[in-house]
Amino acid sequence: MQHILTGVLSLSATLAVAKAPNVIYVFPDQMRNHAMGFWSEDGFRDSVNFTGDPVVTPNLNGFAKQAKVLTSCQSNFPLSSPHRGMLLTGMFSNNSGISTNCVANRPVSDLRDDAMCISDVFHNAGYNCAYIGKLHANHPTPNDPENPGHYVETQVPAWDAYTPPEKRHGFDYWYSYGTFDVHKHPHYWDTEGHRYDINQWSPEHETDKAIDYMTNKDNVRDPEKPFFMMVSYNPPHSPYRSTEDCPEEDYALYADKALSELYVRPNADTTMAKAPSIRYYFASVTGVDRQFGRILHALDSLGLADNTLVIFSSDHGETMCSQGTNDPKNSPYAESMNVPMLVRLPGKITPGIDTELIMSSPDIMPTILGIAGLADSIPAEIEGRDYSGRFLGTSNVTPLRKGALYIKNSDGNRDSLGNVISYFPVSRGIKTDRYTLALTIDKKTGKLKSSLLFDDVADPYQMNNLSLEKHKDIVSELCAEMVPLLKEADDPWYTQKILSEMIPY
């Protein structure tokens, strides 16, 4: 009898796994929320107070009509590595291990080996897990599999990295690299550590590999299991210099357009040397859109679309001459922090626009797990919130935050070799449904050095930096709302009571 019961339970478990949805998470690097054509279309334009970029994205436009679309998904620390740490672990940068961008002379910044990442959870739940494309979450070490004892590049300090199997967090299929910005000549390391140097635009090549994975070419996964696949395109990340950086056919769509036609954001300074780069940026966005469309088409052709959760997002945005800054990211400006978040699961997620939820980077992991039916497996140590009930329409019990925490760190102390062994929490702030506040402190004195305060409703392009002194009530309210966010993140500003004269800890 016990044998029969065990067999029944085993069969039930197998059937349960078989019904679990596949999950595909596609996230190009440096793609701002504004750079999607549907924001200029009926049914979408009235949900935002900005004019959408004049960019061609037919596949995303169609996908948006089938998905839940957030107007306010915020990259809390809008920099590549820190966001990826939060995405993978569900923890803020203070606890993910990644305190700033990963580079060889920053051992302080490295994805924690002991963290239970989203891929670990899916792996433990019986999923095959694949990672394709840019990772940029590991501290580069001299571990080149083809040249032991050396870095994988000669640049000093090294940025690119090889991720050995013991640091892959449950991903059993691997086709990835650290970071490398030569878009038409990328390279990758596969599951066994073999290197491939490719002469093809990286998003196109990575989409080829993603489709091979879905079709199970060469039997790279167990077809009886559901799969979790992350596809991390590097473009539309810079450089934006020539058609060596983007598809020529997509550049042709923008090549003859005047800068005044392409820069529709009134905060953009078109006299900057970078200004012509917008043609290559938009061309890269259009090229990414085409590759995302190929993934969607493959799902349809394979009959997998109805049981596959598909998410399209990014790690941070691109200012592209807005605010007159050359820094494309790492700032509280909307162009930097506000990223796409489109989520589709047919029959389970009702398409529409959510203008209330302000999603933070650490929320993405638990929300995906919740949508996939794995809420009970969400690690206890995560700091993000599971908003799956809101997406599925089953529950709104998870409280909405009053805003998203803004984080910026700089290098701290160095050892005798010049390696960064600590970080300095230089800026913190909050993005609410109306205001953006960012406070920057002096590294030597710890006192307030500069501030940004915008009324994003009255001033959607953040062109008028409001005086803290003249808006004391607003500043006081925002500082009070920062406290629970800083506490939730176990942030050093909270533990060290930084700017306690302003922030009521």
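This is a tour of a predicted model, stop by stop, with a residue range to select at each one.

**Start: confidence**

Colour the chain by pLDDT. The mean over the chain is 95, and 96% of the residues reach 70 or more. Then select residues 1-18, where pLDDT stays under 50. For this stretch the model has 4 contacts beyond four places in sequence. Where pLDDT is low, the predicted coordinates should not be read in detail. The remaining stops lie elsewhere in the chain.

**Stop 1: helix α6**

Select residues 202-215, which form helix α6. The helix has 14 residues, and the distance from its first C-alpha to its last is 20 Å, close to the 20 Å expected at 1.5 Å a residue. Now show side chains. The buried residues of α6 are Ser202, Pro203, His205, Glu206, Thr207, Ala210, Ile211, Tyr213 and Met214. To see what covers these residues, add the strands β1 (22-26), β3 (128-134), β4 (173-177), β5 (187-190) and β7 (227-232), which are among the covering elements. Helix α9 (277-301) is also part of that cover. Before leaving, step just past the end of α6 to Asn216, which has a positive phi of about 60°.

**Stop 2: helix α9**

Keep 277-301 selected; this is α9, already met as part of the cover over α6. The end C-alpha atoms of α9 are 36 Å apart, which agrees with the 36 Å that its 25 residues should span at 1.5 Å a residue. Of those 25 residues, 20 are buried, so α9 is largely enclosed by the rest of the structure. After the helix comes Gly303, with a positive phi near 70°.

**Stop 3: Asp250**

Select Asp250, in helix α7 (residues 248-251). Is Asp250 buried or exposed? Its relative accessibility is 1%, and because buried means under 20%, Asp250 counts as buried. Next display Arg290: the side chains of Asp250 and Arg290 make a polar contact at 2.8 Å. Beyond its neighbours within four places in sequence, Asp250 is in contact with Ala283, Thr286, Gly287 and Arg290.

**Stop 4: the sheet β12-β13-β14-β15**

Select residues 404-455 to bring the next sheet into view. Its 4 strands are ordered β12-β13-β14-β15, with antiparallel pairing, and the sheet is open. The edges are β12 (404-411) and β15 (448-455), each of which pairs on one side only. On average, neighbouring strands here are turned by 15° against each other, direction ignored.

Begin at the β12 edge. Of the 8 residues of β12, 6 are buried, so this strand is largely enclosed by the rest of the structure. Antiparallel β12 and β13 are joined by 7 bridges. One place to look is Ser410, whose bridge partner in β13 is Phe424.

Move on to β13 (residues 423-431) and β14 (residues 435-441), an antiparallel pair joined by 5 bridges. Here Gly429 has Ala438 of β14 as its bridge partner.

Finally, add residues 472-488. This is helix α13, which lies across β12, β13, β14 and β15 and runs at about 120° to β13.

**Last stop: Gly370**

Select Gly370, in helix α11 (residues 364-371). Gly370 has a relative accessibility of 10% and so counts as buried. Which residues does Gly370 contact, leaving aside its neighbours within four places in sequence? They are Ala375, Asp386, Ser388 and Leu392. To end, draw a line from Gly370 to Pro107: the two are 263 residues apart in sequence, and their C-alpha atoms are 33 Å apart in space.

Note on methods
Residues numbered from 1 in each chain as written. Predicted model: local features only at pLDDT ≥ 70, side-chain atom pairs only at ≥ 80, totals over all residues. Heavy atoms only, no water. Helix = DSSP H or I, 4+ residues; strand = E, 2+ residues; numbered from the N terminus. Expected span 1.5 Å × (residues − 1). Buried < 20%, exposed > 50% of the residue type's maximum accessible area, 1.4 Å probe, protein only. Contact = heavy atoms within 4.5 Å. Pairing = 2+ DSSP bridges. Axes fitted to C-alpha atoms, helices over the stretch in contact; angles between N-to-C directions. Polar contact = N/O pair within 3.5 Å; in protein donor to acceptor, adjacent residues only side chain to side chain. pLDDT = per-residue confidence, 0-100.
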